[in-house]
Amino acid sequence: MRRTTAFAASLLLLAAALSTVGGPVAADPTDAVTVTVNTRAGLATVPATALGVNHAIWDSQLGSAETSDLLKAAGVKMLRYPGGSYADIYHWETHTAPGGYVAPNTDFDTFMAGARRVGAEPMIIANYGTGTPAEAAAWVRYANVTKGYGAKWWTVGNENYGNGHYGSAWEADDHPDKSASQYARLVIEYADAMKAVDPTVKVGAVLTMPGNWPDGITAGSDPGPWNQTVLSLAGPKIDFVDVHWYPGGNAADSLARTNHLPDAAWLLRQQIARYAGPGADRIGISFTELNVDAGRTTAPGALFLADAYSGLLEQGVFTVQWWNVHNGIGTVSEVAGQTDYGDFGMLSSGNCASDGEVCQPPFNTPFAPYHALSMMNLFVRPGDQLVRAGTDQPLVAAHAVRRPDGSVAVLLLNKDPENAHPVTLDYAGFTPADEAPTVHTLANGATGVSTGRSGDATARTLPPYSLTTLVLRPAGSSAGRPGAPGRPTASAATDRAATISWPAATPGASRIAKYEVHRQNGAVSEQLGETAGTSLTVGNLEPGARYTVNVLARDTAGRVSWSSPPLTFATGSPAESSCAVRFNDDNDWGNGYVANVEVINTGAKALDGWTLTWTWPTAWQQVNSGWSATWNQDGRNVRVTPTDDNRRLAADGGSTTVGFVGAYSGPNVPPGAFRLNGTVCTLR
């Protein structure tokens, strides 16, 4: 969205007033929640740039010592500049933003001085909307040649799909051609010009979040939706993609929608792999704007920050950045007994509502999301490996990391505004020391994270609307264990099997005896097989299913390594079958679409009556209505039966086409497998 002044920015979401804040359905607080932490189910490794936040040139304290020191104390390691949609009107050489407000003491050198004081890398947005490749190249020259700042990360524009091409227009764009194709063509020009000055810089292109507008929509003469078009044209030239996410809704909605992140990340990586050309796996992902509509300065904002940062880092995102440091008062309400100022900022701007009735606390007073970022800094450290953690209660979330010294940190979130929840913790692949763990707690309304040592590693009671981090030392030494195997790859994937290969692990005190391949099934690992070599073909897989696996090394003394980095792959459909299906999404409008499904009998016998079934990959996908068949959905399972007109399918290619209107409220992952009369069909 377009951010203008601090006050105007806070008014843009007035329609989603905080009076809509509603708590989730209360659970029985006497039921203990089971938390499972599986240190053998490894996820991504925490990068040095993980924890980030946005600066904006309307903030006169952008580079002040007080602000910088607060950001440093919270563990900020990446700072974005010059601020959201302002980037597309900002001219760095003159330090002007025609049509917007530029505060004093916010020029690029002041920003860089503040970033250095924080100890954070800069991420700079080059002006696409009203700028040129030459202007961006001159900025790179000034930053890295003239001043020697070593600014590595540069994005071309901000939310440029919001330039009116799809109807809504908040992003400045002076180009007569506002298509995704034109953006992609100019990204190539920007990348070439910027890298001609400094070949070491990393250039990023703007994409949209899968499942969020305008994902799935094709406009004008573009060959496909925004992401497909940009990646198809500019993919070979870019180093990363930049995505924003505002989940919307009331507090309960936004806190539940963090469950969308694994599927959104999967779809985004699928789009990159499919459209960005050879070597697409080099392309990183940054999430440089996140915030909520409800409870921005209170517990909902804090819980969302911790859950979203953790969830995105688990998926291998190299930086996550809150919108923003200072923004200004918005719609004021009460959330779970606390005053919420409707402010996008982490720190108070110290200003008052337009009627003067309500004022924020003094300037730079930290809001709840700031404390949540401080909690993240206590939870994750660069080099930690995130590992699987799960719970059996939707209102309680868990994340975990395994640290190089063998210790484990567990982040527990209670999203229930009314009830405390007792939890019991089970560990796989880790035995905690018999001692009181270090405990970091952020309670609803607290003015900071409290730290102490209490209790044990297996039980805890989580206060309502709270964040708790446990830091646990291992019971024994990890000395002598083998190193972790390298990142696995998948090849020769079929509908039922795939070959997994990996770089060998480094032996520890004893030679390596074997490698074990484990599938992640939630927070539980299931061993798929083992081998003395560095490749294993695994079978008995489900067609059209997604698998995440890790490889562990075990030595002759029984010591087990850390898990390898994760590998996620999908099986396909059978190469030959007695049936085939074509599934086409013909007209997508952002939260729904029209689909045509062609059902083909490739068998040697005619069919007199048929039933087509599939299972949606997520719980937020559904069939709203259909034609040319009878449509039924039960949970995630869809069942389609013919009419009298199309019940007979001739042998050897007889077909019929049926259709439906589909809806989705999250990432729209296509079905992976279709069955005709119980037989898995070839997907064409």
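This report looks at one helix pair and the disulfides in a predicted model.

## Helices H6 and H8

Let's start with the helix pair. Helix H6 covers residues 226-234 and helix H8 covers residues 261-275; their axes come within 8 Å and cross at roughly 40 degrees. That angle makes H6 oblique to H8. As for handedness, the crossing of H6 past H8 is right-handed.

If you would like to find the contact in the viewer, look on the H6 side for Asn-227, Gln-228, Leu-231 and Ser-232, which meet Leu-268, Gln-271, Ile-272 and Tyr-275 of H8. Sorted by class, this contact has 4 nonpolar and 4 polar residues, with no charged ones.

## The disulfide of Cys-352 and Cys-359

Now to the cysteines. The model has 2 disulfides, and with the bonded cysteines numbered in sequence order, they pair as 1-2, 3-4.

One disulfide links Cys-352 with Cys-359, at an S to S distance of 1.9 Å. This link is right-handed, with 100 degrees about the S-S bond. Cys-352 is partly exposed at 28% relative accessible area, and Cys-359 is also partly exposed, at 37%.

## The disulfide of Cys-579 and Cys-681

Another disulfide runs from Cys-579 to Cys-681, with S to S at 2.1 Å. The torsion about its S-S bond is about -100 degrees, so the disulfide of Cys-579 and Cys-681 is left-handed. Cys-579 sits in strand E27 (residues 579-588), while Cys-681 belongs to the loop between strand E37 (679-680) and strand E38 (682-683), so the pair ties together parts that are 102 residues apart in sequence. Both Cys-579 and Cys-681 are buried.

Conventions. Residues are numbered from 1 along each chain as its sequence is written. This is a predicted model: local features need pLDDT of at least 70, side-chain atom pairs count only at pLDDT 80 or more; totals for chains, interfaces and linings use all residues. Side-chain values use heavy atoms; hydrogens and water are left out. Axes are lines fitted to C-alpha atoms, for helices over the stretch in contact, and angles run from 0 to 180 degrees between N-to-C directions. Helices (H or I, at least four residues) and strands (E, at least two) are DSSP runs, numbered from the N terminus. Angles under 35 degrees count as roughly parallel, over 145 as roughly antiparallel, 65 to 115 as roughly perpendicular and the rest as oblique. A crossing is left-handed if the near helix is turned anticlockwise from the far one by less than a right angle, and right-handed if clockwise. Contact means heavy atoms within 4.5 Å. Ala, Val, Leu, Ile, Met, Phe, Trp, Tyr, Cys and Pro count as nonpolar, Asp, Glu, Lys and Arg as charged, and the others, Gly among them, as polar. A disulfide is a pair of cysteine sulfur atoms within 2.5 Å. Buried means under 20% relative accessible area, exposed over 50%, partly exposed in between (1.4 Å probe, protein chains only).
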